[in-house]
Amino acid sequence: MMSKIERVARVAFTFVLMNCAAVAALPAMACRQSLWR
Amino acid sequence: MEIVFWLSVVFVGYVYAGYPALLAVWSRLAPKPFRERPQTPPVTIVIAARNEARQLAARVANLRALDYPQADVQIILVLDGSDDGTDATLERLGDQIDVVRLPPGGKARALNAGVAAARHDILVFADARQPFASDALRALVAPLADPAVGGVCGELVIDSESGDGGDSAIGEGIGGYWRYEKWLRRHESLIGSTLGATGAIYALRRDLWRPLPDDTILDDVLAPMRAVLNSSRIVFAAGARAFDHAAPAATELSRKIRTLAGNYQILRCEPRLLNPRANPVWLQYMSHKVGRLFVPYALVALVVSSAALAPASPVYAVAFACQVVFYALAAYGAYLVWRDRRQAGSTSVAAADPRVVMKGSNT
């Protein structure tokens, strides 16, 4: 069973991950990633 | 520095809390209902796939078992340069599907070819991996009884949404994030239109389809948003469900980078989205899609400004301390994800399968 603090920690990590992705998106756009996802 | 701090607070607060609050109030005070009616119009389901031989037989079986008059369902499978023995699978499927074979050219080009081969006026887009619920197609087309509705976005249900984290290393966080996104989508639909759709399950009237540029990253945002720019509504149908697994963290990160890069690309491709006179959902688009792109820079400004101001005032010192706690929690979350993956790797190969990806989170 997951504790409340673990749940919050995972959500916090996801939030940071999403924001890292937003920063990386601009150079990724410039470099044109593969056409297929 | 104080101005930087407070502007950052207001901006981040608006994007993640103020905008949802605005949606909640707006959808309560001035909802825009749409008419739904049970109906079964002829539909063309378009699936673009590359090297999905392992999935196709089950996927077609899922679509052919839907609670819908099968004579009115055309399934088009566009093979974009598949070289994994897909042909052998297709032979077994016989005449259940129409197949379009293309040299490798990307998903957007595959979708264009699929739509060109469609016989019916309602297009339904799906992916090779995410199965539909048996009543999904009926729920998806019901809102199209309203002529103002040009498209319908279905609901992608991620296994980790149940809250137990599923068997995915990052399931808990993604589950919460995805529930939040769907809440936004539902309320955006209530006041006008969703800002795109879920590639795993959405419908669009054929006359609203415009061929996509070959290098389109987010076909499931560009196509619906072009319909919105054409004064049609794209609404959310929660009953139209498709199912998927959450992804491992590394896969999820690369997917998010790609998705957000797609959001930049769409602004270049359709600059009318930034024009409040041309875009009927301009405020929502700026708040949800564009705002997200700038949040990380505001977060950095928040850390730097609060650290600089902390010695001068307890308010900023507390703000800085809160951020330290938050990022420490995030680091702990990263550790938990790493630990889960390691445990999953030792107990189950399937749980750590890098091919399991979450699709449809296009924000």
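1. In chain B, which has 363 residues, 56% of the residues are buried, where buried means under 20% relative accessible area, exposed means over 50% and partly exposed lies in between, with a 1.4 Å probe and protein chains only. The model is a predicted one, in which local features need pLDDT of at least 70 and side-chain atom pairs count only at pLDDT 80 or more, while totals for chains, interfaces and linings use all residues. Residues are numbered from 1 along each chain as its sequence is written, chains are lettered from A and ligands numbered from 1 in the order in which they are written, and side-chain values use heavy atoms, with hydrogens and water left out.

2. The secondary structure of chain B consists of 10 helices and 7 strands, these being DSSP runs numbered from the N terminus (helices H or I with at least four residues, strands E with at least two). Among the contacts in chain B with a separation of 6 or more, 79% are between residues 24 or more positions apart, a contact being heavy atoms within 4.5 Å. Chain B exposes about 14,700 Å², of which carbon and sulfur atoms supply 62%; accessible areas come from the Shrake-Rupley method with a 1.4 Å probe, and for residues only the protein chains shown count as cover.

3. Chain A has 1 helix and 0 strands, and of its 37 residues 46% are buried. The area that chain A exposes is about 2,000 Å², with 72% of it supplied by carbon and sulfur atoms.

4. How many residues of chain B are in contact with chain A? There are 51 on the chain B side, and they meet 30 residues of chain A. The size of an interface is often given as the accessible area lost when the parts come together. Here the two chains bury about 3,700 Å² between them, 69% of it on carbon and sulfur atoms, where buried area is the accessible area (1.4 Å probe) that two parts lose on being put together, summed over both.

5. Between chain B and chain A the count is 0 salt bridges, a salt bridge being a side-chain nitrogen of Lys or Arg within 4 Å of a carboxyl oxygen of Asp or Glu. The count of residue pairs in polar contact between chain B and chain A, with both residues at pLDDT 80 or more, is also 0; a polar contact is a pair of N or O atoms within 3.5 Å, where within protein one must be able to donate a hydrogen and the other to accept it, and residues adjacent in sequence count only if both atoms are side-chain atoms. On the side of chain B that touches chain A, two or more residues come from each of β1 (43–49), α6 (171–191), α7 (219–229), α8 (249–269), α9 (282–309) and α10 (314–347) of chain B. The largest share of that side, 12 residues, is given by α8(B).

6. Over all chains, the whole structure holds 10 salt bridges. One of them pairs B:R129 with B:E52, with the closest N and O atoms 3.5 Å apart. The two residues are 77 residues apart, B:R129 in the loop between β4 (122–126) and α5 (136–141) of chain B and B:E52 in the loop between β1 and α2 (53–64) of chain B. Is B:E52 buried or exposed? B:E52 counts as buried because its relative accessibility is 10%, whereas B:R129, at 31%, counts as partly exposed.

7. Helix α6 of chain B takes part in two further pairs, one of which is the salt bridge between B:E155 and B:K182 (2.9 Å, N to O). This pair joins strand β5 (residues 149–158) of chain B to α6 across 27 residues, and both partners are buried. The other is the salt bridge between B:E181 and B:R292 (2.7 Å, N to O). Because B:E181 lies in α6 and B:R292 in helix α9 of chain B, that pair ties together parts 111 residues apart in sequence, and B:E181 and B:R292 are buried.

8. Helix α4 (residues 107–116) of chain B is mostly covered, with 8 of its 10 residues buried, including B:K107, B:L111 and B:V115. The buried residues of α4(B) pack against β1, β2 (73–80), β3 (98–102), β4 and α7 of chain B.

9. B:Q323 lies in helix α10 of chain B and counts as buried because its relative accessibility is 12%. Apart from neighbours within four places in sequence, B:Q323 is in contact with B:L299, B:L302, B:V303 and B:S306, and its side chain makes a polar contact with the side chain of B:S306 (2.9 Å).
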